[in-house]
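Here are my notes on the structure you sent over, set out as numbered points. I hope they are handy to read with the viewer open.

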Amino acid sequence: MNWYTADLHLNHDAVIRFCKRPFSSVTAMDNQICKAIASLVAADDDLWIVGDFAFARMEDRPQIAARFSALPGRKHLIFGNHDRRWVRDLAWTSRHDIAVVRDDDTSFVLCHYPMMTWPMARYGSIQLFGHVHNNWLGSRNAVNVGVDVWNFAPANRLDILRRATAQPLNAHWNDVEPGSYLE
């Protein structure tokens, strides 16, 4: 099974204030996020982190590396704007700027940043993004998978499809993909 999440910002105390996260400390936040992942993701699952895994001072990096190693599943990183070299150098199964993931009968295009259009957009692919935290859930075919809008837990294909169906159409879709209609 594939699981998707973004914007964990482990060890980033300022994100609690910036995003009004309901945690009293960075330790409480990191524990909750890692516990949620561990409760859902199995050892043979794929966990896609769609950017911004962690933010740490040099002295905190070993602690983040230990948290990374303890997470279950095959871990994949889509590069986010806060994923520094040391995060990119962790033992990820794969690393990408952008990736296309075929998940059962659905094609997901993963990029940290929300895009106006993407590969296979005219053929029903859904873009998964982060970066915007709790500022935008997305639209019918572009879904924010950030922890701030998923109760600090990863989402699977069915969760994402349910959310996508409930979102409005992108008001600019016909501007960028004329003749391609979302139903």
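1. Let me start with the right-handed β-α-β unit, which is made by β2, α3 and β3. This is a predicted model, so please read each point below as a description of a prediction. Within the unit, β2 and β3 run parallel and are joined by four bridges. If you want a pair to click on, L47 has K75 of β3 as its bridge partner.

2. Strand β3 also has a partner in β4 (residues 94-96), again in the parallel sense, with three bridges between the two. Here H76 stands opposite S94 of β4. How enclosed is strand β3 (residues 74-78) by the rest of the structure? Four of its five residues are buried, so β3 is largely enclosed.

3. Helix α2 (residues 26-40) is a nice one for a quick geometry check. With 15 residues at 1.5 Å each, the helix should span 21 Å, and its end C-alpha atoms lie 22 Å apart, which agrees. The buried residues of α2 are V26, M29, D30, I33, C34, A36 and I37. Looking down the helix axis, these buried residues fall within an arc of 155°, so they line one face of α2. Note that an aspartate, D30, is on that buried list.

4. What do the buried residues of α2 pack against? Their neighbours are α1 (13-18), β2 (46-49) and α3 (61-70), and two of these elements, β2 and α3, belong to the β-α-β unit of point 1. On the other side of α2, K35 and S39 are exposed.

5. Now for the other sheet region. Five strands form an open sheet with mixed pairing, in the order β5-β6-β7-β9-β8. The edges are taken by β5 (98-103) and β8, each of which has a single partner strand, so one side of each is left without a neighbour in the sheet. For β8, the pairing with strand β9 (residues 142-144) is antiparallel and has two bridges. One bridge there matches S139 with A142 in β9.

6. Helix α5 (residues 157-166) has R157, I160 and A164 as buried residues. Seen down the axis of α5, they fall within an arc of 65°, so they line one face of the helix. The cover over these buried residues includes β1 (2-5), β5, β6 (106-111), β7, β8 and β9. Turned away from that side is a face with the exposed residues R162, T165 and A166.

7. V109, in strand β6, is a good residue to centre your view on. Is V109 buried or exposed? Its relative accessibility is 0%, so V109 counts as buried. Leaving aside neighbours within four places in sequence, V109 is in contact with I98, A99, V100, M115, W118, P119, S125, I126, Q127 and L128. For a sense of scale, V109 and L10 are 99 residues apart in sequence, and their C-alpha atoms are 24 Å apart in space.

8. Two histidines deserve a look at their backbone angles. H131 has a positive phi of about 70° although it is not a glycine, and H133, also a residue other than glycine, has a positive phi near 50°. H131 lies in the loop between β7 (126-129) and β8 (138-139), and H133 is found in the loop between β7 and β8 too. Their exposure is worth setting side by side: H131 is partly exposed at a relative accessible area of 31%, whereas H133 is buried at 11%.

9. To close, the overall picture. The chain has six helices and nine strands. Its radius of gyration is 16 Å, close to the 16 Å that the globule rule gives for 183 residues, so the chain is as compact as a globular protein of that length. Along the principal axes, the C-alpha trace spans about 55 × 35 × 30 Å. Of the 183 residues, 55% count as buried. Among contacts with a separation of 6 or more, residues 24 or more positions apart account for 59%.

Key: Residues numbered from 1 in each chain as written. Predicted model: local features only at pLDDT ≥ 70, side-chain atom pairs only at ≥ 80, totals over all residues. Heavy atoms only, no water. Expected span 1.5 Å × (residues − 1). Buried < 20%, exposed > 50% of the residue type's maximum accessible area, 1.4 Å probe, protein only. Arc of directions from axis to C-beta. Contact = heavy atoms within 4.5 Å. Pairing = 2+ DSSP bridges. Right-handed = clockwise from strand over helix to strand, strands pointing away. Rg over C-alpha atoms; globule rule 2.2 N^0.38 Å.
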